[in-house]
Amino acid sequence: MDLGSLFSTVDPKKLSQVVELVWDQKDNLAKSAAMAADLPDLIRSLAGGLEEAGKQAQLASAALVGKDGASGATTRLSGSARTVSGISEDMVKVVGLISSAVDQIEKVPLMGAPAKQLGKAVTLVEDTTGGLGSLADDLAAISDVLGQVGLALGKLGDALDRSGNDTKKSFAAI
């Protein structure tokens with residue numbers, strides 16, 4: 001290839017403009033080249049961050065729902081809800097027994113005052129029983145919500161981990 005014939009078709013004025021433009025922008029071009037050289041490391045770092053975020057989301061998911069789906073905090077919370085519900089049901093039975101006793105005690109002469117006091121105790125136990133039932137329902141609802149959050153965190157963790165791995169693979173050769 002003859003360079004003379006190659007450059008004979010180039011307008012020297014336009015070539016001068018191109019050289020001048022490159023010369024004027026040499027600092028910006030050098031910065032752009034440096035940024036381009038750093039880009040693979042930046043992307044690898046981003047990929048590592050995605051993987052780490054994925055692992056942390058998976059750990060949070062496991063804490064909430066357990067790796068097996070049944071050994072996390074939600075299972076314990078559900079168990080607590082069942083326990084409180086059972087206590088509430090037992091308290092309903094206690095209220096029935098005490099109420100029945102109050103009815104019998106009222107029939108005994110001079111036992112009206114103690115019967116009234118037991119009647120007030122029944123009211124207090126009934127109120128407490130209602131509160132326990134509400135608490136059990138709330139614990140069960142919280143457990144359900146945390147279970148949904150745990151499952152979503154698991155899916156998010158998997159997706160972040162995949163994205164990080166895919167990004168690392170894509171830029172492994174660079």
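## A lysine to start with

K168 is partly exposed, with a relative accessible area of 37%. Please keep in mind that the structure you are looking at is a predicted model. K168 forms a salt bridge with E51, and the closest N and O atoms of this pair are 2.6 Å apart. Because K168 belongs to helix α5 and E51 to helix α3, the pair ties together parts that are 117 residues apart in sequence.

Is E51 buried or exposed? With a relative accessible area of 10%, E51 is buried, whereas its partner K168 is partly exposed.

## A second salt bridge

How many salt bridges does the count come to? The count is 2. Besides the pair of K168 and E51, there is one between D41 and R44, whose closest N and O atoms are 2.9 Å apart. In general, side chains of opposite charge can pair when their charged atoms come close.

D41 and R44 both sit in helix α3, 3 residues apart, which is about one turn of the helix. An α-helix has 3.6 residues a turn, so residues three or four places apart point the same way. R44 counts as partly exposed, because its relative accessibility is 27% and the partly exposed range runs between 20% and 50%.

## The overall picture

Now step back and look at the whole protein chain. Its secondary structure comes to 5 helices and 0 strands, and from the N terminus on the elements run α-α-α-α-α. Along its principal axes, the C-alpha trace spans about 130 × 30 × 20 Å. The radius of gyration of the protein chain is 38 Å, while a compact globule of 174 residues would have one near 16 Å.

Of the 174 residues in the protein chain, 20% are buried. The accessible surface comes to about 12200 Å², and 64% of it belongs to carbon and sulfur atoms. If you take the contacts between residues at least 6 apart in sequence, 79% of them join residues at least 24 apart.

## Helix α4 and its neighbours

Helix α4 covers residues 73–106. How far apart are its end C-alpha atoms? They are 49 Å apart, which agrees with the 50 Å that its 34 residues should span at 1.5 Å a residue.

Several residues of α4 are buried, among them T74, L77, G79 and A81. Further along the helix, V84, S88, V95 and V102 are buried too. Which helices do the buried residues of α4 pack against? They pack against α3 (26–65) and α5 (112–170).

## A buried serine in α3

S61 is another residue to find in helix α3. At 9% relative accessibility, S61 counts as buried, because the cut-off for buried is under 20%. Leaving aside neighbours within four places in sequence, which residues is S61 in contact with? S61 is in contact with G66, G150, L151, L153 and G154.

## A nonpolar patch on the surface

Finally, turn to the outside of the model. V10, L15 and V19 make a nonpolar surface patch of about 220 Å². One of these residues, V19, is found in helix α2, which covers residues 12–24. V19 has a relative accessible area of 52% and is therefore exposed, as the cut-off for exposed is over 50%.

How values were computed:
Residues numbered from 1 in each chain as written. Predicted model: local features only at pLDDT ≥ 70, side-chain atom pairs only at ≥ 80, totals over all residues. Heavy atoms only, no water. Patch = residues over 30% accessible without salt bridge, like charges linked within 9 Å, V, L, I, M, F, W, Y side chains within 5 Å. Areas by Shrake-Rupley, 256 points an atom, 1.4 Å probe, with all protein chains shown as cover. Salt bridge = Lys/Arg side-chain N within 4 Å of Asp/Glu carboxyl O. Helix = DSSP H or I, 4+ residues; strand = E, 2+ residues; numbered from the N terminus. Buried < 20%, exposed > 50% of the residue type's maximum accessible area, 1.4 Å probe, protein only. Rg over C-alpha atoms; globule rule 2.2 N^0.38 Å. Contact = heavy atoms within 4.5 Å. Expected span 1.5 Å × (residues − 1).
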